[in-house]
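Trainee: Could you walk me through reading a structure with me, one feature at a time? I would like the general idea and then the case in hand.

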Amino acid sequence: LLDNVHFRLLKQLSMSLSSLRQNYLRLNSIPQAIAETETGAELKRPFEEIYNILTDPDGKNRLDQFFAATPFRLLGTLAGVCYILDNAGDSKLRDGQSNFLQAMGMMTDEVNLEIQRITLQKAQFGFLEYLPVAPLMAIAVIENFFTSIIPGTTVMYHGPIGYISRTVILLASIIGYVVIVKINSAVSVKKDDRSRIVTRLLRMRWFSQFVDDLAPKKKMKRLHKLRLIKRALSTKNLQHLYAHKAISAVLAFVLALVCLMFSVQLGKQFILDNVREVSLVGGEQLTKEDILIRKRMDEVYLSMPQLPTENQTREFVKAILPHLPAFDQEAQVKRLMEKYESYYNTYFKWWMLLIAFAIGAACYMVPELLLAGRAWLIKTESEEDVLQLQTIISILMNTQADTLETLYWLEKQSRVHKNALLDAYHEYPSDPELALNRLKSRSTLPGFRRLVDKLILTIHQISLAEAFSDLVTERDHVLR
């Protein structure tokens, strides 16, 4: 549903940007052009809010509120572009084109490229996310099929192995569905990936101390984990990561233990209730009265302190089912003896505890796998973020904005690099070069690092316009 809304907003924004461009050519006023722009139902209110930002004396505060309340980043970029150029004034570029119109053209290209990407992705992988759910629907069908032609498989399906297998299939389907939906989602990465539960637990002194003891002490290992966090542009620190690992391991161990115990109990209950023979053909056809007689017989047989001998069991069956043919009596003897052994052999065994420990140990690594997955997903998100930053720089380079003001507007527009840019903005007045070098070190994306390299040149050497003179050409190359 969220992806469908996002796609509708993109299509409406593409039409609205075209209308805004035409209105600006006609009116030569950004607020008036915004007011007369044709918008869809979802964009009507945001465009009204952008108009209020441009006409309100306290527009800067309203713009900050708009940034905080708007999850659709392209609308935030549009509001920022309109506010900056409405205050600084539009200017003509070297080719005679309007600065505002160039920014609208860049945004239109980006919106249309995103529409094209999502359309192609839906055409290729639209139904892929439902693939992991298919086994859930097939479980009952496959089970009914095999139990109808091979009744003996009922014991397997309703025993501990059957319950454990269903649980594994269910978990695998859920994980597969979540992963595929996350990959196909238009907004696949959260800015703050910290868990609220973990954050609250870390406020407890004993738990915080436990996590500190658990975290690696060797410098190389700590650096390896910190590099993993950095690549994923995560808001976690080392303490939060190891707290998440500990909680994941404990929860997985407890859930596995509970699942194994329930599987054993359910399997034991099935063995107790089952009165049919364990065979490929399922044995004789039983009436309700036959089933009740056999249940009472089984209860008496299972209450015996030790397994009776074959002769004792045969005499026991003859006493309760005297009219049963000799062949069927022998089948009952075999069934009762196997049932006795199976019933008393079905209990929680020591190796099941090892399985629970193994599952807990495997889930101890899950938070790191999630970080690796986030690093993979963040690549596309980071590239889109850099495109937004380039749009802002393209208009600032043709104004009187300095590097500090540029950092301010980049921080307002960014989603992925927001925290790093905020730190750089506050550190810049005391040591500009150190602030920008630290900003560069906090990202592994080549596009963002090149952007910061150019900002470093603007400290003492060249102007913003000179440093980013090839921005439009470079951006066009990326969008192809």
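Trainee: Is Leu457 buried, partly exposed or exposed?

Mentor: Happy to help, and keep in mind throughout that this is a predicted model. The class comes from the relative accessible area, where under 20% is buried and over 50% is exposed. Leu457 has a relative accessible area of 34%, so it is partly exposed. You will find Leu457 in helix α22, which covers residues 446-457. The C-alpha atoms of Leu457 and Val472 are 18 Å apart, with the two positions 15 residues apart along the chain.

Trainee: Let me step back to the whole chain. How many helices and strands does it have?

Mentor: The chain has 24 helices and 0 strands. Its radius of gyration is 34 Å, well over the 23 Å that the globule rule gives for 480 residues, so the chain is more spread out than a compact globule. The C-alpha trace spans about 105 × 55 × 40 Å along the principal axes. Of the 480 residues, 43% are buried. Among contacts with a separation of 6 or more, 70% join residues 24 or more positions apart.

Trainee: Now a pair of helices. At what angle do α20 and α21 pack?

Mentor: The general idea first: two packed helices are described by the angle between their axes and the distance between the axes. Here, helix α20 (residues 418-427) and helix α21 (residues 432-441) pack at about 170 degrees, and their axes are 8 Å apart. An angle over 145 degrees counts as roughly antiparallel, and α20 and α21 are therefore roughly antiparallel to each other. On the α20 side the contact is made by Ala420, Leu421, Ala424 and Glu427, and on the α21 side by Leu434, Ala435, Arg438 and Leu439. By type, the residues of this contact are 6 nonpolar, no polar and 2 charged.

Trainee: And a single helix: which residues of α15 are buried?

Mentor: It helps to recall that an α-helix has 3.6 residues a turn, so residues three or four places apart point the same way. In helix α15 (residues 310-320), the buried residues are Thr313, Arg314, Phe316 and Val317. They cover an arc of only 160 degrees around the axis, which puts them on the same side of α15. Those buried residues pack against α14 (288-302) and α16 (326-345). Turned away from the buried side is a face with the exposed residues Asn311, Glu315 and Ala319.

Trainee: Since α14 came up, is Asp298 buried or exposed?

Mentor: Asp298, which is placed in helix α14, has a relative accessible area of 1% and is buried. Leaving out residues up to four places away in sequence, Asp298 touches Asn274, Val275, Arg335, Leu336 and Lys339.

Trainee: One last feature, the backbone. What is the phi of Asn28?

Mentor: As background, most residues other than glycine have a negative phi. Asn28 is not a glycine, yet its phi is positive, at about 55 degrees. Asn28 lies in the loop between α1 and α2, and at 60% relative accessibility it counts as exposed.

Trainee: Is Ser29 buried or exposed?

Mentor: Ser29 is found in the loop between α1 (2-27) and α2 (30-35). With a relative accessible area of 18%, Ser29 is buried. The C-alpha atoms of Ser29 and Gly89 are separated by 9.9 Å, although the two are 60 residues apart along the chain.

Notes. Residues numbered from 1 in each chain as written. Predicted model: local features only at pLDDT ≥ 70, side-chain atom pairs only at ≥ 80, totals over all residues. Heavy atoms only, no water. Axes fitted to C-alpha atoms, helices over the stretch in contact; angles between N-to-C directions. Helix = DSSP H or I, 4+ residues; strand = E, 2+ residues; numbered from the N terminus. Parallel < 35°, antiparallel > 145°, perpendicular 65-115°, else oblique. Contact = heavy atoms within 4.5 Å. Nonpolar A, V, L, I, M, F, W, Y, C, P; charged D, E, K, R; others polar. Buried < 20%, exposed > 50% of the residue type's maximum accessible area, 1.4 Å probe, protein only. Arc of directions from axis to C-beta. Rg over C-alpha atoms; globule rule 2.2 N^0.38 Å.
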